[in-house]
Every structure is written in C-alpha cells, then in structure tokens.
Amino acid sequence: MSHVTVTGLTKRFDAVEAVSDLSFEVTPGITGFLGPNGAGKTTTLRILLGLIRPTAGTATIDGKRYADLPHPRRAVGAVLEATGFHPGRTARQHLLILATGSGLPAARVDEVLDQIGLAADAGRRVGGFSLGMRQRLGLAAALLGDPAVLILDEPANGLDPAGMAWLRKLLREQADQGRTVLISSHVLAEVAQTVDRVIVISGGRLRYSGALDRLAGDGLESAFLRLTEEAPR
C-alpha cells in the first residue's frame, strides 16, 4: 500500500517562508490538497517530486525521496501543469518518447491513450490541442508507468462538465484499485464530489488533515473559508 509522507517540511525563498513545518500523510484513496493562492501547495508538490529542495524536513513516497526511487515513473505519476509538450509532436509521439526514456513498453502508449479518451486524436499534433485535451495528455503521461501514486495539480482545469465527470470516474477507478491519489484543486464543489480525505493548508501551515465528512458538515466551502481565515497571517 503506497503512501506519501511529509514531515516537518519547510521551504524558504529568501525572506519568504512558503512552507512552514508542514507534516501530513496521504494513504490509498483520493485526498484533496486545498489552500488559497500562495498557501504553499505547489511548493510542497514540487518538493515531493524532487523539483526543488526543502530548507528543512522531508517529503517521501513509500519512504524514499523522489530522487531515490529506482523506477520513478512506475512509482508515481504526476501532472503539475498542462504544458511542456512539443507543439509539433503528435500525442502518440510524445508518449512514445516518455515510454522509451522510462524503459516502458511501447504498447503501453495506446493503452493509456484509450484510457484517457485520446485514441482518436493520437495522430494529431499537440499544438492544436485545447487545454482540456492537453490535460488529458498529461494524465496519459502520468498513467504510463501504471504507478501506485498519482499527484495531480488542478487536473480539472480546462475540462467541460462532461470532462469533469469523466475525470471523477477515472480517479475513483484508480483509488478502487488501491492507488494513492493526491489532488490539488481550487474547485471545491468538484473536490467535494471526488475525494475521501482532505488536507487544508494556509500560510504554509497545516490547518486540517482528515476525512472529508468530518470537515464538511456545513459544506466544504464554509469549512475551507473558516480554516483559512483563521490561519495566522
């Protein structure tokens, strides 16, 4: 059972402390990672994925830093933003390059294209994709290695209502298969329909970590505003 553990995590950028002594654990199921703009969510995720170094503390996946995972794409799939695609490459070419670089079978490319609903557009150049299609392609890349952990930053961005319903179903299927899914999102109504547990941070500090139903008796939005308004400034 894969898990994500953040312990005493602190990150300073010059005089700004973006994350301050943050600790939480994410276990199998779907966990929403919530906070206002500037709360430290993206910084935390970037540390977890080895993109920046913490000032103090640790962020690990199954007890290992991302840099120490022997096969990172098989352990964790991530979508931080729907960019980084070469506009002249097709969706299939983009995924084939990732699969080859990660030692994954080429057959996996068509499997994930079908899974995320891009099979019919696999031969199209990514430069002509809508934001929603690029989000789906990012998800396909995250799923390539059939990872036990998914880390997704605003995965519903650019999706229409049908796309959001599709994403909700996909994530629930992943969780039902025993995966650990961590979603950062500002769309609280969608989070309330999707997640099992919630982590709320504000000002770089933990405000809540636990079951959604314990937090949202008066509605997730009300609980979120109460927690974040009480955070020290």
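This is a short walk through the pockets, the helix contacts and the cavity of the structure above. Keep in mind as you go that the model is predicted.

Let's start with the open spaces. The largest pocket has a volume of about 510 Å³. If you want to find its middle, look for Arg-73, Ala-78, Val-79, Leu-80 and Ala-141, which are the closest to its centre out of the 19 residues that line it. Three elements each supply at least two residues of that lining: strand S5 (76-79), helix H3 (91-101) and helix H5 (131-143). Of these, S5 gives the most, with four residues. As for the character of the walls, the lining of the largest pocket has 11 nonpolar residues, along with five polar and three charged ones.

Two of those elements, H3 and H5, also deserve a look as a pair. Their axes come within 10 Å and cross at roughly 25 degrees. Angles under 35 degrees count as roughly parallel, so that is how H3 and H5 run relative to each other. The crossing of H3 and H5 is right-handed. Where do the helices H3 and H5 meet? On the H3 side, the residues are Ala-91, His-94, Leu-95 and Leu-98, and on the H5 side they are Leu-137, Ala-140 and Ala-141. By class, the contact of H3 with H5 comes out at six nonpolar residues and one polar, with no charged ones. You have met one of these residues already: Ala-141 makes contact with H3 here, and Ala-141 is also among the residues closest to the centre of the largest pocket.

Stay with H5 for a moment, and turn to its other partner in this tour, helix H6 (161-176). The axes of H5 and H6 come within 13 Å and cross at roughly 10 degrees. That angle makes H5 roughly parallel to H6. In this contact, H5 brings Arg-136, Leu-139 and Leu-143, while H6 brings Gly-163, Trp-166, Leu-167, Leu-170 and Gln-174. The contact of H5 with H6 holds five nonpolar, two polar and one charged residues.

H6 leads us on to a closed space. How many cavities of 30 Å³ or more does the structure hold? There is one, and about 90 Å³ of space lies in it. Its lining is made up of Pro-155, Ala-156, Leu-167, Leu-171, Ile-183, Ser-185, Glu-190, Val-191, Thr-194 and Val-195. Helix H6 (161-176) and helix H7 (188-194) are the elements that give two or more residues to this lining, and H7 gives the most, with three. Seven of the residues lining the cavity are nonpolar, two are polar and one is charged. Notice Leu-167, which lines the cavity and is also one of the H6 residues that meet H5.

One more open space is left to visit. The second largest pocket holds about 230 Å³ of space. To trace its walls, pick out Ile-47, Gly-50, Ile-52, Arg-53 and Pro-54, then Gly-57, Thr-58 and Ala-59, and finally Arg-65, Tyr-66 and Ala-67. Which strand gives the most to the lining of this second largest pocket? The answer is S4 (residues 56-61), with three residues. Sorted by class, the lining of the second largest pocket has six nonpolar, three polar and two charged residues.

Terms used. Residues are numbered from 1 along each chain as its sequence is written. This is a predicted model: local features need pLDDT of at least 70, side-chain atom pairs count only at pLDDT 80 or more; totals for chains, interfaces and linings use all residues. Side-chain values use heavy atoms; hydrogens and water are left out. On a 1 Å grid over the protein atoms alone, a cavity is a set of points where a 1.4 Å probe fits but cannot get out, and a pocket is an open set with protein on both sides within 12 Å along at least five of seven lines; lining residues have an atom within 4 Å of a point. Grid points are joined across faces, edges and corners, and a volume is the space filled by probe spheres set on the points. Ala, Val, Leu, Ile, Met, Phe, Trp, Tyr, Cys and Pro count as nonpolar, Asp, Glu, Lys and Arg as charged, and the others, Gly among them, as polar. Axes are lines fitted to C-alpha atoms, for helices over the stretch in contact, and angles run from 0 to 180 degrees between N-to-C directions. Angles under 35 degrees count as roughly parallel, over 145 as roughly antiparallel, 65 to 115 as roughly perpendicular and the rest as oblique. A crossing is left-handed if the near helix is turned anticlockwise from the far one by less than a right angle, and right-handed if clockwise. Contact means heavy atoms within 4.5 Å.
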